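I opened the model today to go through its strands, one chain contact and one fold. My notes follow in the order in which I looked things up.

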Amino acid sequence: MAVLEVSGLSKRFGGVGAVNDVSFAVQEGEILGVIGPNGSGKTTLFNCILGQLPPSAGEVRFDGRVTTGMSPSALNRLGVSRTFQLLQVFPRLSARENLILAGQEHRGGMISRLVGRRDAGLGGAADELLEFFGLGRLAGTRAGSLSYGQQKLLDAAMAFMSGPRLVLLDEPAGGVNPSMLVTLKDRLQAYHAERGATLVIIEHNMDFVMSMCARVLVLAEGRTLAVGAPAEVRADEKVIEAYLGR
Amino acid sequence: MANFVALLIAGLATGALYALVAVGFTLMWQTSQTINFAQGEFVMLPAFFMLAAMNHGAPYWVALAIGVGLSLAILGLAFKRLLVDPMLRHGVLPLAIATMALSSFLKESVKTFYSAEASPFPSPAPSSDLRVLGVAVSWQSLAVLVAALSAVTLLQLGLSRTRIGRQMQAAAQNPTVAQILGLPVERLILYAFLLNAALVALASALVSPIYLAKFSNGETLGQAAFIAAIVGGFNQVRGAVVGGLLLGVVENLGAAYISDAYRDAIPLFVLVVVILFRPNGLVGRAEERTV
Amino acid sequence: MTGAAPGRIAIAAGLAVAAALIVAPLFLRRYGLYLVSDWAVMTIAAMGLNLTLGYAGQVSLAQGAFVGVGAYSAAILTTHGWPFATAMALALALSFAVGWALGYPALRVRHHYLAFVTLAFSTLAFLVFRNEAWLTGGVEGIDGVPRPSLFGWSMRPPLAYAYFCLAALALAAAATAWLIRSPWGRAFLALRENPLRAQSLGVDTRRYTLLAFAIGSALGGAAGALYAPLVGLVEPPAFTLALSLNLLMMVIVGGSGYFLGPFLGALIAVMAPEWLRAWENYYLILYAALVMGLLVISPTGILGLVDRYALHRMAAEASAARTALKPSIGES
């Protein structure tokens with residue numbers, strides 16, 4: 001059974017179809033890339049899958065369970081998490097606090113969160129994850145003071161903190177300098193290998209996508225243009241035209 | 001029945017006044033996210049400018065012009081430059097609180113430096129009644145109705161038909177894009193504030209003959225404008241008009257038919273009911289959110 | 001809250017102020033003691049509002065009404081012989097429940113519509129206080145609200161009641177501090193700073209917002225229960241929208257979202273009439289001008305100004321720290 005199944009998903013804004021009848025499935029443990037020229041509907045697709053926007057049509061299933069239109073927080077508690085295109089860490093909290101926040105709603109209940117430990121018992125796990133992403137020594141630093149690349153790593157770490165089954169990353173490599181990119185890719189792959197999480201990645205950075213993803217989905221004007229192994233997709237005429245043509 | 005019609009007309013007149021004040025309120029919100037809690041006092045103040053001018057011998061129409069002029073300078077330009085501009089970046093609330101302080105400032109200043117008593121205010125319309133189809137309608141109410149509705153209609157036309165008007169609307173809907181397109185957003189926002197200053201000056205001249213010029217006039221009007229704007233739909237000028245008229249009518253009818261004790265709750269009751277069923281107000285559109 | 005470690009200076013300053021607060025009442029006369037008590041009570045109400053506004057990011061225009069709810073609850077019960085503890089418990093429970101009831105549908109509609117609903121409630125509450133004379137004494141209110149006794153010691157003397165209020169403040173502050181430092185507090189901060197991101201991390205923003213508002217309202221009620229015995233007479237004009245707006249101003253001027261903001265804001269609100277006493281006729285004008293000026297200079301409040309400076313310094317330090325760590329993160 002696929003971890004994520006999207007069937008006939010469409011999203012219209014007024015008369016404009018941002019996403020048109022997109023269908024695909026992601027198997028457990030897979031890393032799927034989603035690429036396409038600007039405005040092809042990638043982020044809108046994510047937003048519909050993740051409950052941020054209600055789709056105009058179609059269905060989303062997570063582990064076989066229908067989750068179309070479920071709220072983002074409920075979905076997250078089921079085991080789906082995401083990063084955003086625009087960096088969204090909490091600048092006033094320390095790196096460790098950011099991670100604790102990312103995990104606290106997945107442990108215990110409301111009462112234990114009120115009267116229990118300040119760190120909800122996640123201090124150790126947070127430090128461990130920070131260490132994994134190479135941010136160990138910055139645990140106590142305010143997230144807002146970290147460099148852009150470090151914040152990107154933290155952002156990814158936050159998505160992983162709750163031990164999700166499925167993680168959707170929206171342009172994780174955006175704006176990251178080349179050497180930090182190496183670290184990011186390395187850590188994502190390491191996480192994937194060790195914890196077996198299923199990843200779906202929107203990216204513009206072709207090298208990043210092609211080297212990380214086993215399968216790639218190409219969107220153009222809200223429709224699926226092609227789907228297959230990186231090499232196939234790269235050579236696909238329709239894809240080349242979508243990026244270079246017009 | 002005649003009573004009902006009389007109440008209706010009076011309600012429309014009050015409503016037209018509310019609309020006038022609510023429109024400016026909405027304009028300021030739309031263009032710069034300013035919630036002006038001093039809007040009521042903005043309506044109260046110009047009358048005193050005019051009275052001061054008349055006390056120095058100026059005839060009515062000259063005093064009116066002076067009142068409008070001072071209003072534009074102080075309630076438009078100075079208000080924007082000194083209070084709004086420094087605080088805009090920090091969100092809605094600090095500015096809103098500052099306007100609360102401003103409201104108190106203006107009210108107390110008038111009370112202390114001019115008079116705590118109500119002062120009579122002249123009106124160009126006669127104080128008698130007109131009889132239409134057996135119903136007595138005061139010339140005053142008619143004057144208010146006509147003047148206010150004309151002003152609002154002119155404004156609506158101006159906003160939708162002139163280039164500047166459309167630019168203002170664009171700047172209100174999406175200031176970032178407007179700026180990219182080369183629109184002088186800062187100046188357009190200033191125009192919105194100046195427009196408000198003119199509208200409140202007009203409202204001041206219309207309301208003061210009826211209620212007499214008093215420092216406390218701003219209180220009820222301000223709240224009414226606020227509610228009218230929201231009920232109509234906070235992001236549409238048209239909505240402010242609808243909201244204002246509706247509120248005026250409901251208030252007048254309610255005052256006659258509902259117990260005295262809970263009369264003050266009527267406007268707020270309307271507000272809550274409308275908001276619960278139509279969150280964007282009666283006419284408003286859902287604000288676009290960028291994700 | 002204000003970022004990382006508070007620093008030794010801050011702790012020392014805090015202890016000094018606390019010591020002053022404990023000792024000062026002994027040197028004050030009746031009016032001074034009244035001011036201290038009033039400040040303590042207002043701070044509790046402002047702390048509640050700070051929770052709703054500064055932490056959960058919701059505007060409540062009804063905090064004054066909740067103070068009224070608490071005050072009337074206490075007045076009604078204690079003038080009928082019930083012990084103060086019961087009155088306080090009712091004030092807390094009732095305010096919490098009403099807050100929850102108001103917030104539940106309001107937050108369902110749209111996030112910022114709580115403001116309007118609280119506005120409506122504020123007016124409604126005032127009208128109920130004024131009109132339902134069988135319960136609230138109507139326009140005349142309820143007079144002769146007794147002060148409590150603690151273990152046989154009467155709190156009636158001004159000095160005793162001042163200490164009682166200060167102790168209540170300390171308790172409320174401690175409870176609020178605990179709340180803010182708990183995972184709940186972290187969730188509150190998250191939903192204020194970035195509700196979208198918070199949701200994507202599993203934070204049920206609606207429930208936490210509701211909680212913040214209900215708890216904030218409960219604190220308002222508690223303040224009311226302390227206010228009633230302080231002034232002795234509970235009447236409608238004390239709990240109008242004006243009080244709510246005043247409390248709002250206290251939170252903003254002190255610094256919304258900062259733990260000590262309400263303390264400062266309440267201080268200004270309570271003491272301004274005294275400081276401006278020399279200019280009796282112009283006191284309100286000057287006060288309004290003062291508030292406007294303060295906000296123009298620092299829209300994030302007094303503590304916002306302090307924080308900006310502290311942030312500036314921390315950014316510089318962090319930058320230095322990053323530079324030192326570069327090799328281990330692989331940045332070129």
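These entries cover chain A, then its contact with chain C, then chain C itself.

**Entry 1: the open sheet in chain A**

I noted at the start that this is a predicted model. I asked in which order the strands of the open sheet in chain A run. I read β6-β7-β8-β3-β9-β10, which makes 6 strands with mixed pairing. I then looked up the edges and found β6 (80–83) and β10 (223–228) of chain A, each paired on one side only. On average, neighbouring strands of this sheet are turned by 15° against each other, direction ignored.

I checked what packs on the sheet and found helix α1 (residues 42–49) of chain A. Helix α1 touches β3, β6, β7 (166–170), β8 and β9 (215–220) of chain A. Its direction makes about 150° with that of β7(A).

I went into one pair in detail. Strand β3 (residues 31–35) and strand β8 (residues 198–202) of chain A run parallel, joined by 4 bridges. Within this pair I found A:L32 opposite A:V200.

**Entry 2: the hairpin in chain A**

I moved to strand β1 (residues 4–13) and strand β2 (residues 16–26) of chain A. They run antiparallel, with 7 bridges between them. I saw A:F13 opposite A:V16 in β2(A). β1(A) and β2(A) form a hairpin with 2 residues between them. In the turn, A:G14 has a positive phi of about 65°.

I also followed β1(A) to strand β4 (residues 57–62) of chain A. This pair is antiparallel too, with 5 bridges. Here A:L4 stands opposite A:F62 in β4(A).

**Entry 3: chain A against chain C**

I looked up the contact between the two chains. In it, 36 residues of chain A are in contact with 29 residues of chain C. On the chain A side, α2 (72–78), β6, α3 (95–104), α4 (110–115), α6 (148–161) and α7 (178–195) each supply at least two residues. Which element gives the largest share? It is α3(A), with 5 residues. By class, I noted 10 nonpolar, 17 polar and 9 charged residues on the chain A side.

**Entry 4: chain C**

I listed 14 helices and 2 strands in chain C. The radius of gyration of chain C is 21 Å and the globule rule gives 20 Å for 332 residues, so chain C is as compact as a globular protein of that length. Along the principal axes, the C-alpha trace of chain C spans about 75 × 50 × 45 Å. Of the 332 residues of chain C, 53% count as buried. I closed with contacts in chain C that have a separation of 6 or more: 77% of them are between residues 24 or more positions apart.

Terms used
Residues numbered from 1 in each chain as written. Chains lettered and ligands numbered in written order. Predicted model: local features only at pLDDT ≥ 70, side-chain atom pairs only at ≥ 80, totals over all residues. Pairing = 2+ DSSP bridges. Axes fitted to C-alpha atoms, helices over the stretch in contact; angles between N-to-C directions. Contact = placed C-beta atoms within 7 Å. Nonpolar A, V, L, I, M, F, W, Y, C, P; charged D, E, K, R; others polar. Rg over C-alpha atoms; globule rule 2.2 N^0.38 Å. Buried ≥ 20, exposed ≤ 12 C-beta atoms within 10 Å, placed from the backbone.
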